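Visitor: I would like to learn how to read a structural model feature by feature, with the general idea set out before each case. Could we look at one together?

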Amino acid sequence: MKYVPNVISTIRFFMAIAMFFLRNNSVAFLILFFLCGFSDVLDGYLARKYHVESDLGAKIDGVGDTTFILSSLVSVLLIIPLKPLWAQPIYRFLVYWIVFLVLHKTCNACITRVKFGQFNGIHTIANKVAGNILFFTIPISVITKNFPAPWLLFCAGLIQLCFIEEMIMLFKFKEYKVDRKSLFIKEKDA
């Protein structure tokens with residue numbers, strides 16, 4: 001049982017990559033999407049229940065989460081037809097923004113590596129909220145073939161704020177804690 005959560009997280013990584021390649025098959029995409037989401041909840045639950053949390057598990061979970069989110073967002077942008085014409089510049093801007101988000105997340109990972117000797121992300125409350133919003137938004141968008149530009153801007157902006165909070169936390173705190181809740185919640189060692 002010790003390695004089961006890590007195996008589940010690793011499988012999520014590969015399912016997220018497969019999801020991207022199956023984006024034109026809505027049923028297969030959604031099945032993998034929900035399996036990825038379920039595996040994200042299951043791996044953490046099992047790790048906590050059986051007291052097998054580990055730094056390696058947190059790292060694998062973070063890689064699986066990031067791959068899942070990026071694969072989902074890029075897939076949705078490629079699945080949904082760009083209608084109406086006035087929205088196309090917004091979608092083009094969002095593609096660049098997603099590239100920037102990837103770079104920002106990579107920068108956070110590099111800061112974590114240099115400062116704390118780890119490659120990981122912090123599981124903040126804001127990250128969980130953003131993840132849940134995307135988890136419910138993406139299937140609706142795939143089914144309806146519609147991802148309204150204002151909502152897409154909101155989601156990308158929320159993710160950007162999560163990454164900014166994470167970066168501030170990386171510079172502010174001397175000790176790395178993967179489960180630090182927020183920049184705004186005072187903890188004992190903060």
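Guide: Let us begin with a term: a contact means heavy atoms within 4.5 Å. In this model, which is predicted, residues 24 or more positions apart account for 76% of the protein chain's contacts with a separation of 6 or more.

Visitor: Which secondary structure elements does the protein chain contain, and in what order do they run from the N terminus?

Guide: The protein chain holds six helices and zero strands, and read from the N terminus the order is α-α-α-α-α-α.

Visitor: How should I read the radius of gyration of the protein chain against that of a compact globule?

Guide: The idea is to set the value against a rule that depends on the number of residues, namely 2.2 Å times that number to the power 0.38. For 190 residues the rule puts a compact globule near 16 Å, and the protein chain, at 17 Å, agrees with that expectation. As a complement, the C-alpha trace spans about 50 × 35 × 25 Å along its principal axes.

Visitor: What share of the residues in the protein chain is buried, and what part of the accessible surface belongs to carbon and sulfur atoms?

Guide: A residue counts as buried under 20% relative accessible area and as exposed over 50%, with partly exposed in between. By that criterion 45% of the 190 residues are buried. The accessible surface comes to about 10,600 Å², and carbon and sulfur atoms contribute 73% of that area.

Visitor: How many positive and negative side chains does the protein chain have, and how many salt bridges are found in the whole structure?

Guide: Side chains of opposite charge can pair when their charged atoms come close. Here the protein chain carries 20 positive and 12 negative side chains, and the centres of the two sets lie 5 Å apart. A search of the whole structure yields five salt bridges.

Visitor: Where do R12 and D40 lie, and what does their pair tie together?

Guide: To judge such a pair, look at the N to O distance and then at where the partners sit along the chain. The side chains of R12 and D40 form a salt bridge with an N to O distance of 3.6 Å. Because R12 belongs to helix α1 (residues 4–21) and D40 to helix α2 (residues 26–49), the pair ties together parts that are 28 residues apart in sequence. The two partners also fall into separate accessibility classes, since R12, at 0% relative accessibility, counts as buried, while D40, with a relative accessible area of 29%, is partly exposed.

Visitor: Which side chain does D43 meet in a salt bridge, and are D43 and its partner buried or exposed?

Guide: D43 meets R12 in a salt bridge, at 3.1 Å from N to O. This pair links distant parts of the chain, with D43 in helix α2 and R12 in helix α1, 31 residues apart. Both D43 and R12 are buried.

Visitor: What is the N to O distance between R12 and D65, and which residues are joined into one network by salt bridges that share partners?

Guide: The side chains of R12 and D65 meet in a salt bridge at 3.1 Å, N to O. Since R12 lies in helix α1 and D65 in helix α3 (residues 55–79), this pair ties together parts 53 residues apart in sequence. D65, at 14% relative accessibility, counts as buried. Through shared partners, salt bridges join R12, D40, D43, D61 and D65 into one network.

Visitor: Where is H51 found, and is H51 buried or exposed?

Guide: Backbone angles and accessibility can be read side by side for a single residue. H51 is found in the loop between α2 and α3, and its phi is near 55°, a positive value in a residue other than glycine. With a relative accessible area of 66%, H51 is exposed.

Visitor: With which residues is T124 in contact, leaving aside its neighbours within four places in sequence?

Guide: T124 is found in the loop between α4 (88–116) and α5 (125–144), and at 0% relative accessibility T124 counts as buried. Leaving aside those neighbours, T124 is in contact with E165, M169, R180 and K181.

Visitor: How far apart are the C-alpha atoms of I140 and L30?

Guide: They are separated by 9.9 Å, although I140 and L30 are 110 residues apart along the chain. I140 is found in helix α5 and is exposed, with a relative accessible area of 53%.

Notes
Residues numbered from 1 in each chain as written. Predicted model: local features only at pLDDT ≥ 70, side-chain atom pairs only at ≥ 80, totals over all residues. Heavy atoms only, no water. Helix = DSSP H or I, 4+ residues; strand = E, 2+ residues; numbered from the N terminus. Buried < 20%, exposed > 50% of the residue type's maximum accessible area, 1.4 Å probe, protein only. Areas by Shrake-Rupley, 256 points an atom, 1.4 Å probe, with all protein chains shown as cover. Lys, Arg positive; Asp, Glu negative; His and termini not counted. Charge placed at Lys NZ, Arg CZ, Asp CG, Glu CD. Salt bridge = Lys/Arg side-chain N within 4 Å of Asp/Glu carboxyl O.
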